[in-house]
Structures are given as structure tokens and as C-alpha cells.
Amino acid sequence: AAITLPPPTITMPPRSPSKVSLCSTASTSTVGGCRLGFIGTGTIASAIVTGVATQSAVPVESISVSKRSASKSALLFKNFPDLVEIQEDNQRIVEQSDIV
């Protein structure tokens with residue numbers, strides 16, 4: 001005789017977007033959102049930037065991307081002009097970002 005068990009239940013606490021914080025409160029950011037930087041703008045970085053730019057759970061002040069792939073960085077800037085900045089210098093990305 002086979003024994004049938006009920007499916008396991010997993011209870012997770014509800015997520016509160018207002019409590020999500022990836023950036024330090026000691027950040028030099030004046031707007032209050034994270035400043036993200038990507039060195040190398042390939043397929044994966046483009047997908048992450050697009051995802052971050054279209055979400056609302058984590059406030060983002062700016063996203064700096066390198067000009068490594070000019071076509072991909074230009075497309076990100078075109079799609080998100082108020083958020084994405086193209087940088088010529090990787091050191092500038094590091095200096096201007098909370099998370100690289």
C-alpha cells in the first residue's frame with residue numbers, strides 16, 4: 001500500500017519593498033538611491049541594467065556603464081536617458097558608484 005503525503009508547505013514572510021536597502025546610508029548620494037556601475041557593457045550587464053531600470057523595489061539614482069560595447073551602452077542610454085550615464089573611464093565608474 002502506497003502512502004500519500006501532503007506536499008510540503010514553505011511559509012516565507014512577506015517582502016516589504018520599503019525595507020530593501022543595498023546601499024549604505026553613508027553613501028555620498030544626494031537623491032537617496034543606489035548609484036550602480038558596470039565595467040564592460042555586454043549581454044549580461046545590459047540585462048541587469050534593464051532589469052534594475054524597470055523595477056521599483058530598490059531606488060536607483062544612477063547607473064554608470066562603460067563604453068566597452070558602444071552599441072549596447074548607447075542603447076541603454078537611449079532606453080533610460082534619465083538613469084544611464086556612459087563613461088569613458090572605468091576609474092570614474094568606480095569613483096561614482098556605490099556598487100560596481
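Is Arg-35 counted as buried or exposed, and at what relative accessibility? In this predicted model, Arg-35 counts as buried, at 13% relative accessibility. The legends below start with the whole chain and then turn to single sites.

**Figure 1. Overview of the predicted chain, with 3 helices and 3 strands.** Along the sequence, these elements follow the pattern β-α-β-α-β-α. Of the 100 residues in the chain, 28% are buried. The chain exposes about 7200 Å², and carbon and sulfur atoms supply 59% of that area. Among contacts between residues at least 6 apart in sequence, 63% join residues at least 24 apart. The mean pLDDT is 83, with 77% of residues at 70 or more. Residues 25-30 have pLDDT below 50, and in the model this stretch has 7 contacts beyond near neighbours in sequence. Where pLDDT is low, predicted coordinates should not be read in detail.

**Figure 2. The salt bridge between Arg-35 and Asp-98.** The chain has a count of 2 salt bridges. In the pair shown here, the closest N and O atoms of Arg-35 and Asp-98 are 2.9 Å apart. Distant parts of the chain are linked by this pair: Arg-35 belongs to strand E1, while Asp-98 belongs to the segment after helix H3 (90-96), and the two are 63 residues apart. Arg-35 counts as buried because its relative accessibility, 13%, is under the 20% cut-off. Asp-98, at 29% relative accessibility, counts as partly exposed.

**Figure 3. The salt bridge between Lys-67 and Glu-88.** The N to O distance between these side chains is 3.3 Å. This pair also links distant parts of the chain, with the two positions 21 residues apart in sequence numbering: Lys-67 is in the loop between strand E2 (60-66) and H2, and Glu-88 is in the loop between strand E3 (84-87) and H3. Lys-67 counts as partly exposed, at 42% relative accessibility. Glu-88 is exposed because its relative accessible area of 66% is over 50%.

**Figure 4. Surroundings of Thr-41, in the loop between E1 and H1.** Thr-41 is buried, with a relative accessible area of 1%. A polar atom of the Thr-41 side chain lies 2.8 Å from the backbone oxygen of Ser-66. Apart from neighbours within four places in sequence, the residues in contact with Thr-41 are Ser-46, Val-65, Ser-66, Arg-68, Ser-69, Lys-72, Ser-73 and Leu-76. The C-alpha atoms of Thr-41 and Ser-71 are separated by 9.2 Å, although these residues are 30 apart along the chain.

**Figure 5. Surroundings of Ser-73, in helix H2 (residues 70-79).** Ser-73 is buried, with a relative accessible area of 1%. Setting aside neighbours within four places in sequence, Ser-73 is in contact with Thr-41, Val-65, Ser-66, Lys-67 and Ile-86. The contact with Thr-41 can be followed from the other side in Figure 4, where Ser-73 is among the residues listed for Thr-41.

**Figure 6. Gln-87 in strand E3 and its polar contact with Gln-96.** The side chains of Gln-87 and Gln-96 make this contact at 3.2 Å. Gln-87 is buried because its relative accessible area of 9% falls under 20%. Not counting residues up to four places away in sequence, Gln-87 touches Ser-64, Val-65, Ser-66, Lys-67, Arg-92, Ile-93 and Gln-96. Lys-67, one of these, is the salt-bridge partner of Glu-88.

**Figure 7. Thr-54 in the loop between H1 and E2.** Thr-54 is exposed, with a relative accessible area of 58%. The side chain of Thr-54 reaches the backbone oxygen of Gly-51 at 3.3 Å. Between the C-alpha atoms of Thr-54 and Phe-80 the separation is 9.1 Å, and these residues are 26 apart along the chain.

**Figure 8. A nonpolar patch on the surface formed by Ile-39, Val-94 and Val-100.** Together these residues have about 250 Å² of accessible area. Ile-39 is in the loop between strand E1 (34-38) and helix H1 (43-53). With a relative accessible area of 42%, Ile-39 is partly exposed. Thr-41, in the loop between E1 and H1, is buried, with a relative accessible area of 1%.

Notes. Residues are numbered from 1 along each chain as its sequence is written. This is a predicted model: local features need pLDDT of at least 70, side-chain atom pairs count only at pLDDT 80 or more; totals for chains, interfaces and linings use all residues. Side-chain values use heavy atoms; hydrogens and water are left out. Patches are made of residues with over 30% relative accessible area and no salt bridge: like charges are joined within 9 Å, nonpolar side chains (Val, Leu, Ile, Met, Phe, Trp, Tyr) within 5 Å. Accessible areas come from the Shrake-Rupley method with a 1.4 Å probe; for residues, only the protein chains shown count as cover. A salt bridge is a side-chain nitrogen of Lys or Arg within 4 Å of a carboxyl oxygen of Asp or Glu. Helices (H or I, at least four residues) and strands (E, at least two) are DSSP runs, numbered from the N terminus. Buried means under 20% relative accessible area, exposed over 50%, partly exposed in between (1.4 Å probe, protein chains only). Contact means heavy atoms within 4.5 Å. A polar contact is a pair of N or O atoms within 3.5 Å; within protein, one must be able to donate a hydrogen and the other to accept it, and residues adjacent in sequence count only if both atoms are side-chain atoms. pLDDT is the predictor's confidence in each residue, from 0 to 100.
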